[in-house]
Amino acid sequence: LYPDPELLGHFYAGPYGVLEPETCLIATLDGTPAGYVIGTADSARFSRRCEAGWFPVLRKRYPLPPAEDRSAPAGIVRLIHAGYHPIAGTEAYP
């Protein structure tokens, strides 16, 4: 589904590992990676950091696709261009 093997990670995992590695955990089973947990301690701050240093480079690498392109990769590229936005009403729970 994704000709660029980095595309999904650029949106869903990469910014956490680069911008907030202290909130990333790897689960192992007998010394072999078996899963991971990623997150952020402050969603609003994370969103600002992504806009300042993560998404601008990716937006140059992945231009917006044509509106008629409804492929899975085009959907992820649109998410990159939309950026992260904390859910309204969650300010008390960063």
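How buried or exposed is Arg 61? Arg 61 has a relative accessibility of 43%, so it counts as partly exposed. Keep in mind that what you're looking at is a predicted model.

**The overall picture**

The protein chain has five helices and two strands. Reading from the N terminus, the order is α-α-β-β-α-α-α. Laid along its principal axes, the C-alpha trace spans about 45 × 35 × 20 Å. There are 94 residues in the protein chain, and buried ones make up 24% of them. The accessible surface of the protein chain is about 6,300 Å², with 64% of that belonging to carbon and sulfur atoms. As for contacts between residues at least 6 apart in sequence, 56% of them join residues at least 24 apart.

**Salt bridges**

Back to Arg 61. The structure holds four salt bridges, and one of them pairs Arg 61 with Glu 6, where the closest N and O atoms are 2.9 Å apart. This pair ties together distant parts of the chain: Arg 61 belongs to helix H4 (residues 55–61), while Glu 6 is in the segment before H1, 55 residues away in sequence. Glu 6 has a relative accessible area of 41%, which makes it partly exposed. Asp 4 joins in too, since Asp 4, Glu 6 and Arg 61 are linked in a network of salt bridges.

Another salt bridge brings the side chains of Glu 20 and Arg 45 together, at 3.0 Å from N to O. Again, distant parts of the chain are linked: Glu 20 is in the loop between H2 and E1, Arg 45 is in helix H3 (residues 43–53), and 25 residues separate them. What about burial for this pair? Glu 20 is buried, with a relative accessible area of 0%, whereas Arg 45 comes out partly exposed at 31%.

Then there's Glu 51, which forms a salt bridge with Arg 59; here the closest N and O atoms are 2.8 Å apart. Glu 51 is partly exposed, with a relative accessibility of 31%.

Here are those pairs side by side:

| Salt bridge | Closest N to O distance |
|---|---|
| Arg 61 and Glu 6 | 2.9 Å |
| Glu 20 and Arg 45 | 3.0 Å |
| Glu 51 and Arg 59 | 2.8 Å |

**The hairpin**

Strand E1 (residues 25–29) pairs with E2 in the antiparallel sense, over five bridges. Ala 27 sits opposite Gly 35 in E2. The two strands make a hairpin with two residues between them, and Asp 30 in the turn has a positive phi of about 55 degrees. In a regular strand, side chains alternate between the two faces of the sheet. Why does E2 lie largely in the open? Strand E2 covers residues 32–37, and of those six residues the number buried is zero, so the strand lies largely in the open.

**Around helix H1**

Helix H1 (residues 7–12) contains His 10, and it also contains Leu 8. Which of the two is buried? His 10 counts as buried, because its relative accessibility is 14% and the cut-off for buried is under 20%. Leaving aside neighbours within four places in sequence, His 10 is in contact with Pro 15, Trp 54, Leu 58, Arg 61 and Tyr 62. So there's Arg 61 again, this time as one of the contacts of His 10.

Leu 8, on the other hand, is partly exposed at 32% relative accessibility. Together with Tyr 12 and Leu 79, Leu 8 forms a nonpolar patch on the surface, and the three have about 240 Å² of accessible area together.

**The loop before E1**

Glu 22 is in the loop between helix H2 (14–19) and E1. With a relative accessibility of 58%, Glu 22 counts as exposed. Glu 22 and Leu 7 are 15 residues apart in sequence, and their C-alpha atoms are 23 Å apart in space.

**Cysteines**

How many disulfides does a search of the whole structure find? The search turns up zero. A disulfide is a covalent bond between the sulfur atoms of two cysteines. For Cys 24, the closest cysteine sulfur is in Cys 50, and at 11 Å that's too far for a bond. Cys 24 is partly exposed, with 25% relative accessibility, whereas Cys 50 is buried, at a relative accessible area of 0%.

Conventions: Residues numbered from 1 in each chain as written. Predicted model: local features only at pLDDT ≥ 70, side-chain atom pairs only at ≥ 80, totals over all residues. Heavy atoms only, no water. Buried < 20%, exposed > 50% of the residue type's maximum accessible area, 1.4 Å probe, protein only. Helix = DSSP H or I, 4+ residues; strand = E, 2+ residues; numbered from the N terminus. Pairing = 2+ DSSP bridges. Contact = heavy atoms within 4.5 Å. Patch = residues over 30% accessible without salt bridge, like charges linked within 9 Å, V, L, I, M, F, W, Y side chains within 5 Å. Areas by Shrake-Rupley, 256 points an atom, 1.4 Å probe, with all protein chains shown as cover. Disulfide = S-S within 2.5 Å.
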